Amino acid sequence: MSPNDLEQLSRAMASGREISLTRTLGALTVTASTTRAAPVWECDMLVRLERSCGNVYSSQYFRSIEEMKSYL
């Protein structure tokens, strides 16, 4: 994810828009998407980070773009 991608995700979260960005490099595919949060999260929006490389897949939700950055 480029700085421009992260800025776009941040703006989407701030405005309550749901978007999805997918980037691929070789066998690695990374998708970051914004989604509305359920009340249990105690926030309005979440960002979901999905990574897949061959047969390995992971998915995790974060409350902010800053929190997600350390997992990129």
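Analyst: Let's pin down one term before we dig in: a residue is buried when its relative accessible area is under 20%, and exposed when that area is over 50%. Keep in mind that this is a predicted model.

User: Got it. So which residues of H1 count as buried?

Analyst: Asp5, Leu6, Leu9, Ala12 and Met13 do. They sit on the same side of H1, because the arc they cover around the axis is only 125°. That fits the general picture: with 3.6 residues a turn in an α-helix, residues three or four places apart point the same way.

User: And what is exposed on the other side of H1?

Analyst: There you'll find Pro3, Asn4 and Ala14 exposed.

User: What do the buried residues of H1 pack against?

Analyst: Strands S1 (20-25), S2 (28-36) and S3 (45-53), plus helix H2 (65-69).

User: How do you know how the length of H1 compares with what's expected?

Analyst: H1 covers residues 3-15, which makes 13 residues, and the expected span is 1.5 Å times one less than that number. The expected value is 18 Å, and the helix reaches 18 Å from its first C-alpha to its last, so the two are close. Just after H1 comes Gly16, with a positive phi of about 80°.

User: Why is Asp5 called buried?

Analyst: Its relative accessible area is 6%, and the cut-off is under 20%, so Asp5 qualifies as buried. This aspartate lies in helix H1. Leaving aside residues up to four places away in sequence, Asp5 touches Leu21 and Arg23.

User: What makes the pair Asp5 and Arg23 a polar contact?

Analyst: The distance: the contact between their side chains is 2.8 Å, and the limit for such a pair of N or O atoms is within 3.5 Å, so it counts.

User: On to the strands. How do you know that S1 and S2 pair?

Analyst: Pairing takes at least two bridges, and six join S1 to S2, so they pair; they run antiparallel. Thr22, for example, stands opposite Thr31 in S2. The hairpin of these two strands has two residues between them, and Gly26 there takes a positive phi near 65°.

User: What about S2 and S3, by the same test?

Analyst: Nine bridges against a minimum of two, so that's a pair as well, in the antiparallel sense. Ser33 has Arg48 in S3 as its bridge partner.

User: And what joins S3 to S4?

Analyst: Seven bridges, again with the strands running antiparallel. The partners include Cys53 opposite Val56 in S4, and Glu50 has Ser59 in S4 as its bridge partner. S3 and S4 form a hairpin with two residues between them, where Gly54 in the turn has a positive phi of about 65°.

User: What makes S1 and S4 the edge strands?

Analyst: The open sheet has the antiparallel order S1-S2-S3-S4. S1 and S4 (56-62) each pair on one side only. Direction ignored, neighbouring strands of this sheet are turned by 15° against each other on average.

User: One last residue: why is Glu42 called exposed?

Analyst: Its relative accessible area is 71%, and exposed means over 50%, so the label holds. Glu42 is found in the loop between S2 and S3.

User: What is its phi like?

Analyst: Glu42 has a positive phi of about 60° although it is not a glycine. For comparison, most residues other than glycine have a negative phi.

Terms used:
Residues are numbered from 1 along each chain as its sequence is written. This is a predicted model: local features need pLDDT of at least 70, side-chain atom pairs count only at pLDDT 80 or more; totals for chains, interfaces and linings use all residues. Side-chain values use heavy atoms; hydrogens and water are left out. Helices (H or I, at least four residues) and strands (E, at least two) are DSSP runs, numbered from the N terminus. Buried means under 20% relative accessible area, exposed over 50%, partly exposed in between (1.4 Å probe, protein chains only). The arc is that of the directions from the helix axis to the C-beta atoms. Contact means heavy atoms within 4.5 Å. Axes are lines fitted to C-alpha atoms, for helices over the stretch in contact, and angles run from 0 to 180 degrees between N-to-C directions. A polar contact is a pair of N or O atoms within 3.5 Å; within protein, one must be able to donate a hydrogen and the other to accept it, and residues adjacent in sequence count only if both atoms are side-chain atoms.
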